[in-house]
Amino acid sequence: MARIQRINSSPLMSVSDVACHLLKTCPTLKFFECFMFGSSLFGVGTDYDILVVGPSGETLLQLKAELKLAGAELPLDILYMLSNEAEETDFVINQKCVSITHLAVWDS
C-alpha cells in the first residue's frame, strides 16, 4: 500500500469532472478499479481521495506516471492497493467508495 499526496490551492472541480478527467487522461486505468471516497464526494474537503485497486508491476508504474501528469493541477490523495489488500480490509465497503466510472457524467 502506498500513498501519494499532492496539494494545490485551486478551487475543487466537481467529482464528475475529476472522474471524467482521470478516465480521459489515464488510459491505463482500464486495467484497474478506481474509486473516489471521502469528503469530496459530498462537495466538501480540500482534496479528492482516490483509491486504485489492481496489479503491481509495470502496469502500475505506467498508471502512476499517467496520474502524476493528470493530477498536476488537482489536489489528489491517491491510495494504491492490490486486489487482495482491498478484499482483506473491506476498504471499498467500509469507506463507501464509489467507482469513478459511476461518477463520470460526460457532456453530450
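Trainee: Which pattern does the chain follow, read along the sequence?

Mentor: A pattern of this kind lists the helices and strands in sequence order. In this predicted model the chain reads β-α-β-β-α-β-α-α-β-α. That order is made up of 5 helices and 5 strands.

Trainee: How many of the residues of the chain count as buried?

Mentor: The share is stated for the chain as a whole: 41% of its 108 residues count as buried.

Trainee: Take Y80 as a case. Where does Y80 lie, and is Y80 buried or exposed?

Mentor: Y80 is part of strand β4, which covers residues 76–81. Buried means a relative accessible area under 20%. Y80 has 5%, so Y80 counts as buried.

Trainee: How far apart are Y80 and K64, in sequence and in space?

Mentor: A pair of this kind is read with two numbers, one along the chain and one between C-alpha atoms. For Y80 and K64 the separation is 16 residues in sequence, and their C-alpha atoms are 9.5 Å apart.

Trainee: Which residues are 29 residues apart in sequence and 7.5 Å apart in space?

Mentor: Those are G43 and S14, with the distance taken from C-alpha to C-alpha. S14 is also paired with S40: here the values are 26 residues in sequence and 8.4 Å in space, again between C-alpha atoms.

Trainee: Where is the place of G43, and where is that of S40?

Mentor: G43 is in the loop between β2 (33–37) and β3 (48–53). S40 is also in the loop between β2 and β3.

Trainee: Is G43 buried or exposed, and is S40 buried or exposed?

Mentor: A loop position does not settle the matter here, and each residue is read by its own value. G43 has 65% relative accessibility and therefore counts as exposed. S40 has a relative accessible area of 6% and is therefore buried.

Trainee: Turning to the cysteines, how many disulfides does the structure hold?

Mentor: The test is the distance between sulfur atoms, with a cut-off of 2.5 Å. The structure holds 0 disulfides. C26 is in none, and its nearest cysteine sulfur, that of C34, is 8.1 Å away. C26 is also buried, at 2% relative accessible area.

Trainee: Why is C97 without a bond to C34?

Mentor: The sulfur of C97 has its closest cysteine sulfur in C34, but the two are 9.9 Å apart, which is too far for a bond. C97 is buried as well, with a relative accessible area of 12%.

Trainee: Now the backbone angles. What is phi of D90, and what is phi of K96?

Mentor: The sign of phi is the item to read, together with the residue type. Phi of D90 is near 55 degrees, a positive value in a residue other than glycine. K96 likewise is a residue other than glycine with a positive phi, near 55 degrees.

Trainee: Where do D90 and K96 lie?

Mentor: D90 is in the loop between α3 (83–89) and α4 (91–94). K96 is in the loop between α4 and β5, the latter being residues 98–99.

Trainee: How exposed is D90, and how exposed is K96?

Mentor: Their classes are read from relative accessibility. D90, at 38%, counts as partly exposed. K96, at 66%, counts as exposed.

Trainee: Which residues gather in a patch of negative charge on the surface?

Mentor: A patch is read as a group of residues rather than one by one. Here the group is E33, E87, E88 and D90. One of them, E88, lies in helix α3. E88 counts as exposed because its relative accessibility is 64%. D90, the loop residue between α3 and α4, is the patch member already discussed for its positive phi.

Note on methods. Residues are numbered from 1 along each chain as its sequence is written. This is a predicted model: local features need pLDDT of at least 70, side-chain atom pairs count only at pLDDT 80 or more; totals for chains, interfaces and linings use all residues. Side-chain values use heavy atoms; hydrogens and water are left out. Helices (H or I, at least four residues) and strands (E, at least two) are DSSP runs, numbered from the N terminus. Buried means under 20% relative accessible area, exposed over 50%, partly exposed in between (1.4 Å probe, protein chains only). Patches are made of residues with over 30% relative accessible area and no salt bridge: like charges are joined within 9 Å, nonpolar side chains (Val, Leu, Ile, Met, Phe, Trp, Tyr) within 5 Å. Accessible areas come from the Shrake-Rupley method with a 1.4 Å probe; for residues, only the protein chains shown count as cover. A salt bridge is a side-chain nitrogen of Lys or Arg within 4 Å of a carboxyl oxygen of Asp or Glu. Lys and Arg count as positive and Asp and Glu as negative; His and the chain ends are not counted. The place of a charge is taken as NZ of Lys, CZ of Arg, CG of Asp or CD of Glu.
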